[in-house]
Amino acid sequence: MSRDEILEKIQEIFRDVFDDEQLEIDEQTNREDFGEWDSLTHISIVMELMQVFNVKFTMDEASAMNSVEKMIVAIVERGL
Amino acid sequence: MKELQYPFDGEYIIRKKKQIKRRLLESVNNEKQQLTKVKIAVLGGSTTSDVVACLELFLLDNGFEPQFYESDYNRYWEEAMFDNEKLSAFAPNIIYIYTTNRNIMSWPFMTDSNEQIQDKLEREFKRFQDMWESLEKRYQCIVIQNNMEFVDYRLLGNGDAVDCHGKINYLQRLNAKFYEYARAHERFYINDIQYLSACYGLDKWADRFYWFMYKYAMDIKAIPLLADSVSKIIKSIYGKNKKVLVIDLDNTLWGGMVGENGADGLEMQVDTVKGQAYREFQEYIKEQRDIGVLLCVCSKNNEQDALEGLNSKQCILKPDDFSAIKANWENKSININVLSKELTLLPESFVFVDDNAVEREEVRQRISGIAIPEISSIENFIREIDRNSYFEMTSLTGDDLQRADMYKANARRVKESKKFENYEDFLLSLKMKAEIKEISTEQVARTVQLMNKSNQFNLTTLRMTEGEMAIIMMREEYIAMYGSLTDCYGENGIVSVVLGYIEDRICHIKAFLLSCRVIKRDMEKAMLDRLVSECCHKGISELRGYYYPTEKNKLVKDFYSDMGFEKIDEDTYGNTTWKLDILRNYSNKNKVIQVEEIG
């Protein structure tokens, strides 16, 4: 799976979790400049990533995952 | 909403919860649905935000408009035990205590003696009991308490269940004490997360990732399952249970077609694989009758063939087990509407079980609110029906156990009534006797159940909890009466509740309702007569009646007018206010029921 394909799937997750069909994200999107991305929505996002990509993150990875780029890297590292 | 019906996808619900909520609110607005308001305080021993979010979805989907109070993180005990202004101001109808085995304070140590472990168990239980008692004293509302799920490891292996040092053994014993308390206390209900986690799979349920990362004491994907379970308890308490199970015959109750294979050719015998499966399903259906569910047949068959099948030696269910049997070639939706009239129950209290997807669709499209489980093949039927908890029994009252017989007697009465030219003669022939008395502790459960589920003959549709009723019946300024009715066919049990609130020598009728079983029996007249005589006794000169229209109570729109009240107000919603001067020669209205005189 290419980075773009991964990004697209992550975007679908974000659109569902934030209930915003128009939402556009890129690799630079991060928790700091995204007010609604609070700790509660973060849980849903991480859970969804594990479900959609069929991976299990360690607690270290999940804690550090504060940007879309880090999510993509973690998924690419799994060889997907 | 289909996404929230069994078998739902928990992950999907968590992911789309915002969208689902938006769609639910849209459909509520579009259909101008009337929702039951309910205030729920969730006191949590771990993170509860998704618990609240999911509970909101399931309650909205079941006709509630919930409002929530959420305790601070892991402050369930303190918030319950001590003065809590915010919670008092919120005035909850229901308090849900979301605790798990993560909240246990004293676990047994391997070095403990039996006595030490017993002490720990008592102490642990007492901590919960103190909290429940404090809640009862402060809020007099319904309490729903999680039991304890198992831990996912066993130091002693299989011995963990047996030895008193084992955590599994300890949790079982603690749960048993919870259940004992629940049996002894009305208004206290257990949410069985031990069962839920077993169904879900304990290894998945107890995923520590969510605990250490976010202090969720369970897999987030299982939260919808938990919320569904709690919403079913609430549904049941508020009288939104289903009451009737309508079942098809061919390939649903038995294998094969009775019209073609004949009664002897049907699969329900003990010596074949599918026969056994159908028999087990029949036993399950028969058990529903024992908890007060009314069974009906709706089958496309000649009536004679259907009866032959039911009367065959192999068949566990007999014609007598059913409140009514419709075997003909009409559309099933038509038959269900007829059943609804005969049993005087709204179609939305029906569950329809049919193996044929086309029949299910025909009924689904024509009858709104009816529940129709998607059943697949006979070995799955029981689970596919059962997991919906249509008939969830939070409290089994004596009336529940006799209900099937009562409705059958009612059907006989309907038949009899056709023989009389004059309706009053028919009513007299029933030799009705009523007991109308003040509500006391013994009647609280049944009267509240009746208030919360009566829709048709209900002037104000006032709902309340047992706690509220317990307070009202003690207060001087209320007249709280129930009426029970017996006739020559049997007992009907408690069938009417009237609540009057006295202010400035005027009695305001806050609630006036009848069970739909006894509509058109003049019981309402007997109730009004007694209310008037009580009022005269207390020196009250005027009655005020109120009619608040809903979709279901059009039947009583003119009730107060028929009883001689004078309309004094009507607002734009059709809410009307009525007045009756009772000092000016009120004459008793009931002429057909013999009412037992008060002591």
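I looked up B:L156 first and found it in the loop between β4 (142–146) and α7 (159–162) of chain B; helices (H or I, at least four residues) and strands (E, at least two) are DSSP runs, numbered from the N terminus. The model is predicted, with local features needing pLDDT of at least 70 and side-chain atom pairs pLDDT 80 or more, while totals for chains, interfaces and linings use all residues. Residues are numbered from 1 along each chain as written, chains are lettered from A in the order written, and side-chain values use heavy atoms without hydrogens or water.

B:L156 is partly exposed, because its relative accessible area is 33% (buried is under 20%, exposed over 50%, partly exposed in between; 1.4 Å probe, protein chains only). I then noted that B:L156 joins B:M110, B:Y153 and B:L155 in a nonpolar surface patch of about 380 Å² (residues with over 30% relative accessible area and no salt bridge, nonpolar side chains joined within 5 Å; a salt bridge is a Lys or Arg side-chain nitrogen within 4 Å of an Asp or Glu carboxyl oxygen).

Next I checked B:N146, which lies in strand β4 of chain B. B:N146 is buried, with a relative accessible area of 0%. From B:N146 to B:S71 I read 75 residues in sequence and 16 Å in space, C-alpha to C-alpha.

Last, I turned to the lining of the second largest pocket. Its largest share, five residues, comes from α12(B). By class I logged 22 nonpolar, nine polar and eleven charged residues (Ala, Val, Leu, Ile, Met, Phe, Trp, Tyr, Cys and Pro are nonpolar; Asp, Glu, Lys and Arg charged; the others, Gly among them, polar). Lining residues have an atom within 4 Å of a point of the pocket, an open set on a 1 Å grid over the protein atoms alone, where a 1.4 Å probe fits, with protein on both sides within 12 Å along at least five of seven lines.

Note on methods:
Patch = residues over 30% accessible without salt bridge, like charges linked within 9 Å, V, L, I, M, F, W, Y side chains within 5 Å. Areas by Shrake-Rupley, 256 points an atom, 1.4 Å probe, with all protein chains shown as cover.
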